[in-house]
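Here's a quick look at enclosed space inside a protein model. Have the structure open while you read.

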Amino acid sequence: MSTGTVAKPSAAPKKTGRRKLTWPWILLIVAAGLVLFSLVRVVSGADDLTSVGQVSGALRLAVPIGMAGLGGLWAERAGVVNIGLEGMMILGTWFGAWAGYQWGPWVGVLLGLLGGALGGLLHAIITVTFNVNHIVSGVAINILAAGFTMYLSNFTFAEAEGGSSKQSPRIDPITDITIPGLSDWLADLQQKHWFLVSDVAGILGGLVTDLSLLTVVAILLIPATWWVLWRTAFGLRLRSCGENPVAAESLGVNVYKYKYIAVVVSGALAGLGGAFLAIVSTGIYQEGQTGGRGYIGLAAMIFGNWMPGGMALGAGLFGFTDSLKIRGGAENVHALLLLVAILLVLAAAWQLYKKKYVPAVVSAVFAAGFFVWYALTDQVPSQFVDAAPYITTLLVLALSAQRLRMPKADGLPYRKGQGK
């Protein structure tokens, strides 16, 4: 009598990870966010929250942060931490202004790109070739860039008409785009302050009113980056260098070359953000002009989980909060207290649904605190308004920290030949 082996049924695969957001869900979340924002605007009376000017200003402030964040994404997807984004932005502002006031704004943009790329090349030589700690190299570049541009300003801008040792002469502006008819119609619709309709009109109006051509270029670079890094063989090789450079080398990938390319592109994008600050945002170069935007761009990239779309969302959030202090800051930031309180109530309800009682109680307590703060005051202190972008940065990073996944080999030392 023969014995047969009975195969055990294989266990059902465990469901791991979070469900990927599909486009219908993304659109539903965006619609819910718009409804909530409109509700806060109507209740608080802060009608400038979604005005055409507010959205336009937020976009202008978000572009430099977004370009720095996009630069950080390129470098870190190849495994190189780029803390030097701030210094590369500084180089972009100086070179962009220096060329811009002499030969025109578009030449300034090209020189700003080149200045940032030179900073990226220096960072690549130090970290990739000589294997120096990435953080140390980035901090050194930030210090070097600040000192170098101060030195150059003393014998370039100081001797130019209309300039000084701390700022450049005025730079000719880049052409702005406004769609006639549509822009005016959306502005009129926004000023009626209707629920939801006026908010949508204000957002769309900000996208078609006084839109710089360089802003259009910067926005297009975000989907272009996604396509290059996630839809081409080049992008696959570059990302493999940030995930497992030893395995990539064993498959014939020149890891050094891809790291160099990524970090130089990273510097060029940060330089573009710096040139945007000097040429579009202000029209002049000023010492200390970047104001930590390189670091905020890095925070936006981390918030976006090293993905272009998430990074753009983070840059938009920081740009929006930065714009609030320019247009009726105290009233607008005061209205945001109500928004934060409502979001904390929703978070508490979600935690209760997930049976996480301690986080739910904490969220509810903070929600009550924000409601009381909003009810007992008419506006927030000016110091809080000025600090709003930086507080937003800290809060967003703290709340999203548990959902992040950085490239596995990001910042790790690598020597050529390890894969052989």
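What follows is a run through the internal cavities and the residues around them.

This is a predicted model, so treat the cavities as features of that prediction. There are two cavities of 30 Å³ or more. The largest holds about 60 Å³, and the second largest about 50 Å³.

**Largest cavity**

- The lining is made up of Gly-79, Val-80, Thr-127, Val-128, Asn-131, His-134, Tyr-256, Lys-259, Leu-412 and Tyr-414.
- Two elements, α4 (105-129) and α11 (255-282), each give two or more residues to this lining.
- Thr-127 and Val-128 come from α4, while Tyr-256 and Lys-259 come from α11.
- Sorted by class, the lining has five nonpolar, four polar and one charged residues.
- The charged one is Lys-259.

**Second largest cavity**

- Around this one you'll find Ser-56, Leu-59, Arg-60, Gly-206, Thr-209, Asp-210, Leu-211, Ser-212 and Thr-215.
- Here the elements with two or more lining residues are α2 (52-77) and β2 (211-212).
- α2 gives the most, with three residues: Ser-56, Leu-59 and Arg-60.
- β2 brings in Leu-211 and Ser-212.
- By class, the count is two nonpolar, five polar and two charged residues.
- Arg-60 and Asp-210 are the charged pair in this list, and Leu-59 and Leu-211 are the nonpolar ones.

Conventions. Residues numbered from 1 in each chain as written. Predicted model: local features only at pLDDT ≥ 70, side-chain atom pairs only at ≥ 80, totals over all residues. Heavy atoms only, no water. 1 Å grid on protein atoms, 1.4 Å probe; cavity = no way out; pocket = protein on both sides within 12 Å on 5 of 7 lines; lining within 4 Å. Points joined across faces, edges and corners; volume = space filled by probe spheres on them. Helix = DSSP H or I, 4+ residues; strand = E, 2+ residues; numbered from the N terminus.
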